[in-house]
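Visitor: Could you take me in for a close look at the place where the two chains meet? I'd like to start there and then see what lies around it.

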Amino acid sequence: MSITRLFQCGLAALLLSVATLPAVAQSFRVQCPFSTITHPLVSPLTGTPYTDANGNTINNDYEPPYVGPTTFATVPVTKDANGKMVGGYVVPSGNINGAIKCQQIAGGDGFATMADGTQVYLFSFGPLSDLAKMVAGQDGTDFPNVFNQVYTGPPLQPGDPATTDEAAGTSPIGPNPAFTYNGAVGLVPDNSGTVVDPATGQTVNCALPGSATNPLCLTGHVDPRQIEDVGVMDGNMPAPLFALDEDDEYFLTLSNTGMIMRPDLFEQHTVHFHGYPNASSFYDGVPEASIAINIGGSFTYYYIAPDAGTYMWHCHITPPEHLQMGMVGQVYVRPRQNRVPLGTDLYTSLGWQEADPRTACKTNAAATDDATAASRDILCTNPLPAGVGGNSGDDGVTQVMDAHTSPERPYRYAYNDGDGSTKYDVAYPINIHGFDPNFHFIAMTFNAEPFVDMKDKYFLLNGRGYPDTVKPGPMKTQSPDGRTHYSQLLPTIINIPAGGRALLRISDLDVYEYQTLASLGIPMTVVGWSAKLLRDEAGHNRSYKTNSITIGGGESLDLILDASDSGKYPPGSTYFLYTPNLDHLSNDEENFGGLMTEVHICPTTINPTTRTCT
Amino acid sequence: MQHSKAIFRTGHLLPVGALLVAALVAALVAVSARAAQPAYINQPDGAQIYSWGYGCATGSTPTFAPQVVANGSPGLVDSSTGSLINSNCSTMQVPGPTLIVTEGQTVTVTLTNDLPNAAGNTSIVFSGFKVTASGGVPGLLAQEAAHGATVTYTFVADQPGTRTYYSGTQSDLQVEMGLYGVVIVLPNNVPAVCDAGLHHSNQQVAQHWKEPDFRLAHAAYDSPKTCYDREYMFQFAELDPDIHSQVLAQVNANPNCHPGNAGCSLDIATEPYHPAYFLINGRSMPDLMDGNYGDQYPHQPYNANPHIHPGEQALIRVVGQGHWQHPLHEHGNHVRVLARDGNLMLAEAAPGVADRYDLAGRVVFTTTNTPGQTLDGIFYWTGRGLNWDPYGHNPNSTDANGNPPCYPDANGYNTGYAATDTTYTGTPDHPEVWNNINYYEWCQDHDKPLEAAPVGDVASGGPATLPDPNILTNGAWFSGSPYLGPDATLRATGPNSVFLPSNTQANPADERGFAFIWHSHNERELTTNNIFPGGMFMMLLVDSREFVIDESK
């Protein structure tokens with residue numbers, strides 16, 4: 001690795017004359033406030049709690065219904081505790097939308113098991129919050145009341161949750177899994193002192209029993225042992241799944257736990273939120289343009305959830321290496337339209353978004369003159385749907401319950417479409433990737449990695465090649481620490497309720513070549529690309545039907561498998577998603593496998609959370 | 001800093017329909033009497049790679065003004081000789097000279113084959129144009145020039161847009177060797193709205209900061225949706241050094257052979273294709289950040305170093321010139337695709353309206369470029385929706401730049417226009433903001449704090465707690481604070497700063513802004529012959545408004 005390593009480590013100092021600071025402080029921390037100026041518990045304007053459209057007090061631990069755009073008022077300028085003038089900015093004065101979401105991940109290394117049985121070395125991210133949910137196949141993004149739970153059970157074990165599950169003989173997708181903790185690993189009350197309760201003015205001693213449930217004592221202080229115990233060698237392929245709702249405030253903490261297999265490396269890691277519109281370079285995760293997190297440190301990224309759609313995230317340190325090695329994941333954002341109350345006209349609800357400039361498109365009909373055309377936001381893709389033949393685009397579609405789901409829930413949508421064109425019953429995140437086993441082997445040694453000679457030989461859907469793609473539950477890999485770790489959490493079994501529609505959120509972070517995925521059977525309706533609704537500026541639907549999609553690294557798309565014609569796609573039938581790049585239907589030397597999975601039509605309904613037929 | 005656009009800048013210097021004569025030479029190695037420079041291109045690992053490229057023939061100088069980069073700005077001067085560097089594209093270059101013409105003009109290109117004997121014939125294909133040829137000898141795709149001979153191509157630039165030209169003879173070898181370039185056709189009818197409303201105010205702001213205008217035109221097409229405030233072009237190609245060394249070896253082995261003789265032709269294995277260099281505009285990172293026409297790159301005059309200001313609509317021309325597709329990922333924001341191969345994509349018109357005004361191209365964060373194909377798109381950056389003030393404004397500040405007003409226009413930005421003026425056609429309410437460094441600020445986040453604790457001049461109360469800087473490593477383009485621009489960073493540092501002591505600004509003085517990497521997301525292409533960083537990797541700088549962008553650098 002000599003030349004490559006020297007160059008990348010010395011890049012800052014040699015080439016670009018950077019101010020590199022010595023890493024002397026060990027400082028794991030997490031951040032997950034219960035409230036912020038954007039999601040306050042009490043109105044800073046009136047001093048009273050906010051309530052949502054149902055009369056419930058807003059507490060940032062659930063998504064309030066979307067009944068209109070957030071309205072704003074300016075906070076008066078006052079002096080803060082330090083004697084500085086603060087305020088002058090706007091805060092919500094009505095219709096608080098979204099909530100606070102938090103997540104913690106580890107950056108380090110690990111191993112994954114390929115479909116031919118080979119264990120492949122990873123540079124990788126792993127979950128450090130929502131562990132029980134993640135190993136059951138869900139995303140790892142959660143509300144403050146879940147994230148800020150202090151763990152109270154027997155000490156967390158290296159390899160957890162797999163270690164605890166194994167000892168108890170339970171499975172995370174079984175009826176009673178032994179490991180159930182979903183809070184932030186390491187979170188403990190800051191017992192080093194006292195805090196003053198701003199509401200009562202009373203002093204709280206956080207060293208006393210009971211402080212673990214006192215929000216005032218949960219300042220983000222952590223016990224680093226737990227983070228290292230769970231975070232070391234807990235690499236996941238793909239990296240943990242992030243899921244946001246539009247208008248959420250998102251606190252993502254990356255804790256760099258180090259790479260145990262490579263003690264010669266002092267690799268930093270970052271998170272690049274790929275596709276985040278109007279990003280700040282500070283939180284963009286590019287080490288050259290911002291900051292990178294050293295081993296033993298935590299950094300909390302702060303975002304407002306961007307427009308709905310499918311995005312990606314990955315480490316941006318030496319990307320040809322860290323991405324090939326597995327530091328790749330998906331992040332998706334669900335639209336406001338999911339949150340409108342039952343009976344709401346979808347076209348009307350899309351119109352509400354025009355009143356908040358942050359959510360507005362300002363493109364409500366085809367332009368008819370130069371000045372109107374030139375003044376529109378050129379990057380907006382969800383104007384109100386155009387009517388046909390001069391009619392209004394309001395087709396009268398309202399939010400209703402989805403009879404294909406059990407337990408039943410309202411319909412979900414890929415985008416704020418205003419016409420229901422992107423509705424679905426169940427959604428599947430699918431991350432496409434490829435591994436070059438030779439590169440991964442060399443990366444475990446001290447030799448220079450070959451970029452020119454890179455050649456992927458494992459072709460992966462959510463980190464697995466067929467037939468592992470259709471194995472339910474998380475896959476485990478035993479690592480050189482002697483522990484078994486859940487290494488590949490997500491199967492890619494596409495279950496569709498009878499007569500229903502499945503949304504496939506497809507992202508590709510392959511570093512080597514373009515990939516094609518074809519549907520044998522149910523046509524694909526591509527409704528979104530690059531986290532943007534396929535709709536032109538005049539409001540015309542630009543979605544299209546196809547039986548294959550081709551995407552390259554850094555591209556994403558949303559497509560719907562529409563099995564609503566039960567005569568054509570009867571319950572019990574099985575179809576396939578596979579790659580017509582036939583040499584990619586392989587697991588290294590096994591010449592059948594690779595980029596392929598199965599699509600099943602359920603007998604009746606589907607559980608949209610577990611994605612299993614009911 | 002100047003981008004790769006302006007070598008043949010003839011378009012608006014000539015009346016419409018003028019006969020434009022471009023003489024291109026397929027250049028050669030040292031044996032030639034006519035263009036006696038060795039044709040090697042430089043790569044950041046120190047490699048000098050034998051290549052072929054187009055250049056301008058002797059005598060074509062008076063027809064063109066390539067030394068005029070744009071708007072009367074002079075090109076670069078060689079400090080040792082005082083003469084303009086490569087001002088007449090007098091030597092071969094990779095990519096070839098960009099032919100910039102205006103819609104309706106008739107273009108004539110005379111190609112002289114100065115490739116080595118062994119290379120045989122050569123030709124040019126102009127994709128998307130109806131070409132007639134005179135002279136030369138018949139070829140498969142185009143009329144060809146034999147060694148030392150010429151062929152003349154004529155076409156009418158009948159449609160605006162970006163299109164490729166490249167060798168149509170033994171293309172798998174000759175394009176690989178560097179025989180490719182771009183034709184830009186400027187629109188004949190730039191809509192008046194491109195100099196009104198927001199585009200007018202952007203121009204006024206640029207004038208206030210004494211910033212030169214480097215645009216070729218004010219619209220990419222004859223459409224109000226294609227107005228732009230700044231432009232850049234990026235040509236992507238790979239390079240397999242084994243092919244180039246094989247060619248050099250065989251050329252050197254047959255210095256005196258005559259074309260057509262037995263054994264006097266190149267026998268090169270172009271497959272399996274195994275590139276080790278990944279080029280944008282003929283250069284790799286970090287060379288592509290050096291200036292245009294830098295004397296260290298005599299045959300690679302075009303850089304790839306885009307800079308914009310908040311709110312500017314940047315036209316990007318993304319061109320595939322090699323063998324492979326490359327997914328160009330633009331950090332910072334999405335790109336609206338205007339056109340493919342010079343074909344503007346418009347939506348169906350409104351009922352009863354004759355003209356089409358709305359765009360139908362996709363909005364993407366990754367623009368795949370395909371060999372031979374071009375993409376025109378619009379990119380901008382404003383910071384909208386961050387939920388914190390990226391300028392670090394603070395009502396407490398005593399610095400006028402730290403406490404300026406923000407008047408939201410119809411889209412929520414501080415452009416001086418009234419919020420009720422949805423088409424930006426009225427008289428601005430607050431034209432004085434055109435002189436402020438927060439011009440085009442997103443007003444909904446004005447004064448909104450990021451950090452929980454106060455830092456320097458920046459207020460407390462925000463959502464984020466920044467960590468001990470000792471657990472972080474700073475990047476070369478990191479200013480030292482989360483905020484945009486030197487002014488904000490200087491205000492945001494102080495005794496309590498987590499990153500920097502008082503009045504310190506970390507990033508280089510000529511690169512002040514938010515830096516966003518624009519790169520191939522086939523990430524292994526971010527390498528130069530196995531070394532990271534390199535390859536198809538450039539940095540977009542969103543420069544704060546007070547920083548003057550000089551593209552001629």
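Guide: Let's start with a term: a salt bridge here is a side-chain nitrogen of Lys or Arg within 4 Å of a carboxyl oxygen of Asp or Glu. Keep in mind that this is a predicted model. With that cut-off in hand, look at B:Asp358 and A:Arg376, whose side chains meet in a salt bridge at 2.8 Å, N to O. That pair counts because 2.8 Å falls within the 4 Å limit. Across the interface of chain A and chain B, the rule finds four salt bridges. Polar contacts have a count of their own: 52 residue pairs between chain A and chain B, with both residues at pLDDT 80 or more.

On the chain A side, helix 8, residues 370–375, gives the most to the surface that touches chain B, with six residues. Sorted by class, that side of chain A has 61 nonpolar, 35 polar and 21 charged residues.

Now for the contact as a whole. The size of an interface is often given as the accessible area lost when the parts come together. Here chain A and chain B bury about 9500 Å² between them, and 59% of that lies on carbon and sulfur atoms. Three residues, A:Asn278, A:Ile378 and A:Val452, supply 9% of the area that chain A buries against chain B, more than any other three. Counting residues, the contact takes 117 from chain A and 105 from chain B.

The backbones join in too. Strand 12 of chain A (residues 291–293) pairs with strand 25 of chain B (residues 472–474) in the antiparallel sense, over three bridges. If you want a spot to click on, go to A:Ile293, whose bridge partner in strand 25 of chain B is B:Leu472.

From there, let's step back into chain A and its sheets. One is an open sheet of four strands in the order 6-5-10-13, with mixed pairing. Strand 6 (119–127) and strand 13 (298–304) of chain A stand at its edges with a single partner strand each, so one side of each has no neighbour in the sheet. Neighbouring strands here are turned by 20 degrees against each other on average, ignoring direction. Strand 5 (residues 100–113) pairs with strand 6 of chain A in the antiparallel sense over nine bridges, and one of the matches in strand 6 is A:Gly126, the bridge partner of A:Ala106. Lying across strand 5 and strand 10 (249–258) of chain A you'll find helix 5 (residues 224–231), which runs at about 75 degrees to strand 10.

Another open sheet of four strands in chain A has the order 9-15-14-11, again with mixed pairing. Its edge strands are strand 9 (242–245) and strand 11 (272–274), each pairing on one side only. In this sheet the average turn between neighbouring strands is 25 degrees, direction ignored. Strand 14 (residues 309–314) and strand 15 (residues 328–334) of chain A run antiparallel to each other over six bridges, and A:Trp313 has A:Gly329 of strand 15 as its bridge partner.

Last, a few backbone oddities to look up. Most residues other than glycine have a negative phi, and most peptide bonds are trans. A:Asp130 has a positive phi, near 55 degrees, and sits in the loop between strand 6 and helix 2 (131–135) of chain A. The peptide bond from A:Ser406 to A:Pro407 is cis, with omega near 0 degrees; A:Pro407 lies in the loop between strand 16 (401–402) and strand 17 (409–410) of chain A. Over in chain B, the bond from B:Phe532 to B:Pro533 is cis as well, with omega near -5 degrees, and B:Pro533 is in the loop between strand 26 (513–520) and strand 27 (537–543) of chain B.

Definitions and conventions: Residues numbered from 1 in each chain as written. Chains lettered and ligands numbered in written order. Predicted model: local features only at pLDDT ≥ 70, side-chain atom pairs only at ≥ 80, totals over all residues. Heavy atoms only, no water. Pairing = 2+ DSSP bridges. Helix = DSSP H or I, 4+ residues; strand = E, 2+ residues; numbered from the N terminus. Axes fitted to C-alpha atoms, helices over the stretch in contact; angles between N-to-C directions. Contact = heavy atoms within 4.5 Å. Buried area = accessible area lost by both parts, 1.4 Å probe. Polar contact = N/O pair within 3.5 Å; in protein donor to acceptor, adjacent residues only side chain to side chain. Nonpolar A, V, L, I, M, F, W, Y, C, P; charged D, E, K, R; others polar.
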